[in-house]
Amino acid sequence: MSDLNAVVDAYLAVWNRTDATSRREMIEQLWAEDGTYVDPLASVQGWSGIDHVVAGAQAQFTGMRFTRGATYDEHHNIVRFTWELIPTAGAEALVVGFDVAVVNDDGRIAAVYGFLDKVPG
């Protein structure tokens with residue numbers, strides 16, 4: 001069983017990694033090759049699809065950072081957690097989300113199901 005707390009930290013680090021080569025390496029280490037990511041704006045499978053979604057979010061929200069929110073809960077190989085997209089440390093979150101991640105027996109993310117609780121108007 002993987003340390004799900006560490007998986008969440010690595011997951012958020014991927015969303016914050018702006019160097020394309022380094023980000024892709026992180027995705028390949030963290031995600032199963034056929035892993036899926038689904039939220040209200042995207043539904044992708046595989047490393048390239050996941051990388052494309054992350055790169056798109058970074059382009060849309062240049063300079064902002066994904067941080068952990070207050071909610072964290074885990075059982076078995078599943079973790080749910082909130083996250084915030086903030087423009088600067090200590091600032092109010094522009095976007096708030098709630099993700100559920102499923103980790104496979106190899107300790108890699110098999111699937112993430114994302115929900116958006118707060119989005120810009």
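Colleague: In the hairpin of β5 and β6, which residue takes a positive phi?

Modeller: Gly 107 does, with phi near 85°. Five residues lie between the two strands of that hairpin. Keep in mind that this is a predicted model.

Colleague: How many bridges join β5 to β6, and do the strands run parallel or antiparallel?

Modeller: They run antiparallel, and eight bridges join them. For one facing pair, find Asp 99: Gly 114 in β6 stands opposite.

Colleague: How should I think about side chains along a strand?

Modeller: In a regular strand, side chains alternate between the two faces of the sheet. Now step back to the whole sheet here. Six strands form an open sheet, in the order β2-β1-β6-β5-β4-β3. The pairing is mixed.

Colleague: Which strands are the edge strands?

Modeller: β2 (42-45) and β3 (65-75), since each pairs on one side only. From one strand to the next, the twist averages 20°.

Colleague: Where can I see the mixed pairing?

Modeller: Look at β1. With β6 (residues 109-118), β1 runs parallel, and four bridges join the two. Trp 31 has Ile 109 in β6 as its bridge partner. With β2, β1 pairs in the antiparallel sense, over four bridges. There, Thr 36 stands opposite Gln 45 in β2.

Colleague: Now the helices. How do I describe a packed pair?

Modeller: Two packed helices are described by the angle between their axes and the distance between the axes. Try α1 and α2 (residues 20-30). Their axes come within 10 Å and cross at roughly 150°.

Colleague: Why is α1 called roughly antiparallel to α2?

Modeller: Angles over 145 degrees count as roughly antiparallel. The crossing is at roughly 150°, so α1 is roughly antiparallel to α2.

Colleague: Is that crossing left-handed or right-handed?

Modeller: The crossing of α1 and α2 is left-handed.

Colleague: Last topic: pockets. How is empty space found?

Modeller: Rolling a probe the size of a water molecule over the atoms shows where empty space is left. In this model, the largest pocket has a volume of about 390 Å³. It is lined by 21 residues. The closest to its centre are Asp 39, Leu 41, Ala 57, Phe 61 and Leu 116.

Colleague: Which element supplies the largest share of the lining of the largest pocket?

Modeller: α3, with five residues. α1 (4-16), β1 (31-39), α3 (46-60), β4 (78-86) and β5 (95-103) each supply at least two.

Colleague: How many residues of that lining are nonpolar, polar and charged?

Modeller: The lining has 16 nonpolar residues, three polar and two charged.

Notes: Residues numbered from 1 in each chain as written. Predicted model: local features only at pLDDT ≥ 70, side-chain atom pairs only at ≥ 80, totals over all residues. Heavy atoms only, no water. 1 Å grid on protein atoms, 1.4 Å probe; cavity = no way out; pocket = protein on both sides within 12 Å on 5 of 7 lines; lining within 4 Å. Points joined across faces, edges and corners; volume = space filled by probe spheres on them. Nonpolar A, V, L, I, M, F, W, Y, C, P; charged D, E, K, R; others polar. Pairing = 2+ DSSP bridges. Axes fitted to C-alpha atoms, helices over the stretch in contact; angles between N-to-C directions. Parallel < 35°, antiparallel > 145°, perpendicular 65-115°, else oblique. Left-handed = near helix turned anticlockwise from the far one by under 90°.
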